[in-house]
Amino acid sequence: MQVSSLNEVKIYSLSCGKSLPEWLSDRKKRALQKKDVDVRRRIELIQDFEMPTVCTTIKVSKDGQYILATGTYKPRVRCYDTYQLSLKFERCLDSEVVTFETLSDDYSKIVFLHNDRYIEFHSQSGFYYKTRIPKFGRDFSYHYPSCDLYFVGASSEVYRLNLEQGRFLNPLQTDAAENNVCDVNSAHGLFAAGTIEGRVECWDPRTRGRVGLLDCALSSVTADSEINSLPTISALKFNGALTMAVGTSTGQGKIFTSLEPEHDINDVCLSPNSGMLLTANETPKMGIYYIPVLGPAPRWCSFLDNLTEELEENPESTVYDDYKFVTKKDLENLGLTHLIGSPFLRAYMHGFFMDIRLYHKVKLMVNPFAFEEYRKDKIRQKIEETRAQRVQLKKLPKVNKELALKLMEEEEEKQKSTWKKKVKSLPNILTDDRFKVMFENPDFQVDEESEEFRLLNPLVSKISEKRKKKLRLLEQQELHEKEDEEEPEGKPSDAESSESSDDEKDWVAEVRKQRRLLQQEEKVKRQERLREDRQTVLKPQFYEIKAGEEFRSFRDSATKQKLMNKTLEDRLKLEAKNGTLSVSDTTVGSKQLTFTLKKSEQQKRHQEAAKLHRQERKALRRPAGPLKCRPRRGRPPH
């Protein structure tokens, strides 16, 4: 039994291990179990739980007693009885099965959808009837109240076959080009179909009309998601009356846990009211997984609960003898970052697994003297272990000597205070095994040159000078007195007396000095950033304006964006303040909102030009009156 864990979810693989051929005799099987440890440790829940070549689909009956699986070659269906933990029957078919469904609680009524458009009905005794649908099918569901079978596939229509009347009914016309999956809610009978465009259409079988449309592809794609194609609906399942799970072809969704078998998975089935998962793989052997977080073990294998509890009480660390786990930083040190994504590295958790032989070979090429250094460290550790048996001298550690000296001084002060009054003794960090690595591993060395350390500890340089003097004295004494068994403790009297009087004056000077140094470092950084900015060449950026909009300034776009982020109440108040919204009470006691559309700058200019033109025409227009005709000279008027 193999145990894996992802996101703190343990998965127990019950189908791993060697499988014995069927033609072996019982005597040879027992002999193999005695010799081979892997054969002896394997768990075989169901006998002969496999297919000749490939398993395509797998399901569990509604009563949980029977497991039915289809596979090739030749196309066949096998039924396993969980009460007997063995194969119950096997039937061969004419073509491969796309999917199937049990209409009864047991195996007595089964419907198969084949890849050649045939629908095959089986009873308890065997084959019963066969018919055909117009297009290739991909999935189907059974509506119990009306005895209708709904088939979806490479067509925009959903075909309906009534089992009570024995004939096809008028199909449902969807807006999709093709449909992939479908399901019927057992609580209220709602029928849902997942389309190739990434939508879910819901239909009411009573009225044969569409009652809802859910665009899952648009909502699943965000700014952070990286996809190469349009998400299509690949899985659909109801859970209760109000909950529905939808799976997409691009894999959007929060990952609870994952399985990574050696072969591809064709179908997955969850045993009802349990945490057992069955998989149909591209291999003869079918997968059995137990996930205790999802639920208890089924009734026919309840011993798995006790077995997993014992394994959790005695956990064993997983060790790969032939592989080495490396992080991305290790790959950079070895110069192997170009192998990321290749078969030489297998991604796992926060790093990668690589072949141990390749790791040793590259390690030797990068650092040819690594073995000599390793050998010297081992010899040094052996010598230190032998010295530990002798009388130990009080020495400072190799890492964080100043911190260790500070802790020693505090310990001495505590010991002096205990003579005067009773003080509760606290554990010392130097003698505590939990902090042992802090004084041995160089990675835990305190960086006193960092900006955070200098700002938080303005007096550390002065105090560190005192300790450095003491460290030099101790090192000199260690060199001269290697054979002595006691270490000189305490400070020289002249150093203690000369430095105690100037502490207050030195505090101000040290703070000012640290500030000046920080300002100088910040000035150098600013100059470097200025130099980089001058060297960079800025490229012009172009922005596209939507049709019907007019660009005025970037300030207006920022204002518009802030307005869109406000709530509806705030926007209504702002519109009422600007005069584009008026609120009035009606006679029936409700509220009436009247919106006035804003005029764009172009419309305002047209209106002002038209108004000016009308005024000019009015000024040039003459008052209307009777026309007077003057007679010509020499001729009498008519």
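**Notebook: Met 408, strand β5, a cavity and the cysteines**

Met 408 came up as partly exposed, with a relative accessible area of 23%. I'm working from a predicted model here. I looked up where Met 408 sits and found it in helix α8, residues 401–420. I also checked its separation from Asn 428: the two are 20 residues apart in sequence, and their C-alpha atoms are 9.2 Å apart in space.

**Strand β5**

Next I went to β5, residues 76–81. How many of its residues are buried? I got 6 of the 6, so the strand is largely enclosed by the rest of the structure. I then sorted the side chains by direction. Arg 76, Arg 78 and Tyr 80 point one way, while Val 77, Cys 79 and Asp 81 point the other. Both sets are buried, the two arginines and the aspartate included.

I followed the pairing on to the neighbours. Strand β4 (residues 66–72) runs antiparallel to β5, and 6 bridges join them. The connection is a hairpin with 3 residues between the strands. With strand β6 (residues 86–92), β5 again pairs in the antiparallel sense, over 6 bridges. That is a hairpin too, this time with 4 residues between β5 and β6. In its turn I noted Leu 85, which has a positive phi of about 55°.

Asp 81 was worth a separate jotting. Its bridge partner in β4 is Tyr 66, and in β6 its partner is Ser 86.

**Cavity**

I ran through the enclosed voids and got a count of 1 cavity of 30 Å³ or more. The volume of the largest cavity is about 40 Å³. Which residues line it? I listed Val 60, Gly 64, Ile 67, Thr 82, Ser 271, Met 276, Leu 278 and Trp 300. By class, that lining has 5 nonpolar and 3 polar residues, with no charged ones. Ile 67 of the lining falls within the β4 range, residues 66–72.

**Cysteines**

Last, I searched the whole structure for disulfides and found 0. A disulfide is a covalent bond between the sulfur atoms of two cysteines. Why does Cys 202 have no such bond? The closest cysteine sulfur, in Cys 216, is 9.1 Å from the sulfur of Cys 202, which is too far for a bond. My cut-off for a pair is within 2.5 Å.

I looked up exposure for two of the cysteines as well. Cys 202 has 13% relative accessibility and counts as buried, since the limit for that is under 20%. Cys 147 has a relative accessible area of 23%, so I put it down as partly exposed.

Note on methods
Residues are numbered from 1 along each chain as its sequence is written. This is a predicted model: local features need pLDDT of at least 70, side-chain atom pairs count only at pLDDT 80 or more; totals for chains, interfaces and linings use all residues. Side-chain values use heavy atoms; hydrogens and water are left out. On a 1 Å grid over the protein atoms alone, a cavity is a set of points where a 1.4 Å probe fits but cannot get out, and a pocket is an open set with protein on both sides within 12 Å along at least five of seven lines; lining residues have an atom within 4 Å of a point. Grid points are joined across faces, edges and corners, and a volume is the space filled by probe spheres set on the points. Ala, Val, Leu, Ile, Met, Phe, Trp, Tyr, Cys and Pro count as nonpolar, Asp, Glu, Lys and Arg as charged, and the others, Gly among them, as polar. Buried means under 20% relative accessible area, exposed over 50%, partly exposed in between (1.4 Å probe, protein chains only). Two strands pair if DSSP finds at least two bridges between them.
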